[in-house]
Amino acid sequence: MPRNDDIRFISSSIRIPPPPKPLKRCPFETARSHIAQLVRSFNTHSNELTRSVLLCCATLSLTGKRRPSSPILCSASLSLAESTQPQETQLKGISSPSSSSPASVRQSEERVLISEVLVRNKDGEELERKDLEAEALQALKACRANSALTVREVQEDVHRIINSGYFCSCMPVAVDTRDGIRLVFQVEPNQEFKGLVCEGANVLPAKFLEDSFRDGYGKVINLRRLDEAISSINGWYMERGLFAMVSAVEILSGGILRLQVSEAEVNNISIRFLDRKTGEPTIGKTKPETILRQITTKKGQVYSMLQGKRDVETVLTMGIMEDVSIIPQPADTGKVDMVMNVVERPSGGFSAGGGISSGITTGTLNGLIGSFAYSHRNVFGRNQKLNISLERGQIDSIFRINYTDPWIQGDDKRTSRTIMIQNSRTPGTMVHGDRDGNIILTIGRITGGIEFSRPIRPKWSGTAGLLFQHAGVRDDKGVPIIKDQYSSPLTASGNNYDDTLLAKVETVYTGSGDHGSSMVCNAYYGSSFLISCSMIHDFLLVLQFALNMEQGLPVLPEWLSFTRVNARARKGIEIGPTRVNLSVSGGHVVGNFPPYEAFAIGGTNSVRGYDEGAVGSGRSYVIGSGEISFPMFGPVEGVLFSDYGTDLGTGPSVPGDPAGARFKPGSGCGCGFGIRVDSPLGPLRLEYAFNDKKDKRFHFGVGYRN
């Protein structure tokens, strides 16, 4: 949080003179003269109190030490002393009520008849402001004209006048009159509020401070309202988790109110590595500056617990820490040192797994793949990621190298960089599958490129990249071919391989997240999707909107030039225990593109009830889906769904019209039901669907539907 330097000010909506010297406290000796007068009057007119002395005094103290939540402490006290000495010496024997004898306590409970009760200023004259006189009289409860009062009742009413908040002192005085004892409460009103001096408030907004005191300007300072204003200031700090509060309040002469705010600034931030097994301090592999640049709390800021919590979550999302915690420790001069304890995860290793290819729909084992991978999540101690993986099935194969720097050094926008090299062979049945299922074509791709990503604004991120792709079609024997069995072209260039330099721009909006699948879905340029579970990652993400644009750059004459736009949106609505998920996706391609890059419609992640790509293959497409999920028992939940997809009549415009040659309808819908089970690999989906052609089909998938 940046420092708010313009808040170290003399704050008021009006011009404020320089702070004068503090107002002097009421001298105790002055109070004793009034006390003596009250004592003499009571001794003269009451035989019951001839041996007692009444001491009444009220004092106001402003301090922040005894009551942190409210730095104003108002106190009024009465003391009773008993003495057998002559009246002139009784004032010397003052003692507190706690040390008075039982006899004096009994005398304090004896009553004296009061003929009249008045409120006057400290000089015994009428108050200039009748509203303040009314406030004091309204605060009285026991002291009324023609009533018999005890010392305790007078003391309680003194407290009530002080607690009204308008007066800084109250002195009860008994005056002997012809009609009896007149009880006069000599009060000293607080000053009128003329301005505010605030010291130490570096992050408190000036407008908030001024608004807190604006209504009181030009009015007599009311200590109760002042207490409420200070509580609101402390509440502002508390809501933001800031270590700060109003520590002192003082009323200066001239009606100037002085506030002292104490804000605990961060002094030092340090990283302490702990051993995973023993919890003892150890030497870490991660460079401390790699962690420190992730946190938003900086030296000199007011320490915030909420900001510290966000910093902990940010460090955990790096993926290299097993546990993170922040411990604030007191430092010199009211500051705080922030110690971040981190426990590192193992930096990397080998793994093996398996997966399912969604592009293969025939055979019992053809869709299964095995995988082997090596990953290192903290290269050079800078949180850089290296992944090398090999996945292979009877038809599918992919070899991939990814090197990612999540935050390029020296960049202040949190830009990440990914360098990727990939050699893949994926099934082409989604576009070029034979209607009889006799021939299986595969798409071979060699891809390399670089991508840069950065957060644009909260919940929005952007990606830009440049990728080169060398792709072609092979038959079931691995021989490159340029025409299928219908003599339709399989490449756009007419050669065995198409070369394309793609400029990519993507923006993604992520709303409030739910725990997503731990599977990794690798989408290659074109219509084939390989779902691989070899590398498990836990992340919190629900995609709500994504827009992807790709442009083929014809740097060389034989390189392809086309523009592809693809958008996806999803929204989840919770209704009681059930959840409704609505999703829609669509895209369009313009230019000279190969048929294997057409949009394939139908299948487990498209229109269920159809085989993969069996609905259509077009330049354009729109797919909509609705799901209702509800808990059943344990980790199992039930699902009802309905899907619809169409190529918008663009199937014939794809080179070679692969959809028309295979009699694909171009549009279709499906609905059904299924179950989902949470597993370490992500949700396992088993669904039964039937389409508008009255065909039925089981679908099995791993992870959430795209």
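Two strands count as paired here if DSSP finds at least two bridges between them. With that in hand, let's walk through this predicted model, starting with a sheet.

Four strands make up an open sheet with mixed pairing, and their order across it is 4-3-6-5. Strand 4 (147-149) and strand 5 (167-177) sit at the edges with a single partner strand each, so one side of each has no neighbour in the sheet. Ignoring direction, neighbouring strands in this sheet are turned by 45° against each other on average.

Now look at the pairing of strand 3 (residues 112-121) with strand 6 (residues 180-189): these two run parallel and are joined by seven bridges. If you want a spot to zoom in on, try L118, whose bridge partner in strand 6 is V184.

Next, the helices that lie across these strands. Helix 3 (residues 130-139) crosses strand 3, strand 5 and strand 6, and runs at about 150° to strand 3. Helix 4 (residues 151-163) lies across strand 4, strand 5 and strand 6, at about 145° to strand 5.

On to the nonpolar cores. The largest one has 25 residues, and the members touching the most others are L209, F213, L226, I233, Y237, L257 and L259. Two or more residues each come from strand 7 (195-199), helix 5 (206-213), helix 6 (223-239), strand 8 (244-252) and strand 9 (256-263). Helix 6 is the top contributor, giving seven residues.

There's also a second, separate core of 24 residues, with V112, L132, A174 and V187 among them. That brings us back to the sheet: V112 falls in strand 3 (residues 112-121) and V187 in strand 6 (residues 180-189).

Conventions
Residues numbered from 1 in each chain as written. Predicted model: local features only at pLDDT ≥ 70, side-chain atom pairs only at ≥ 80, totals over all residues. Heavy atoms only, no water. Axes fitted to C-alpha atoms, helices over the stretch in contact; angles between N-to-C directions. Contact = heavy atoms within 4.5 Å. Core = buried A, V, L, I, M, F, W, Y, C linked by side-chain atoms within 4.5 Å. Buried < 20%, exposed > 50% of the residue type's maximum accessible area, 1.4 Å probe, protein only.
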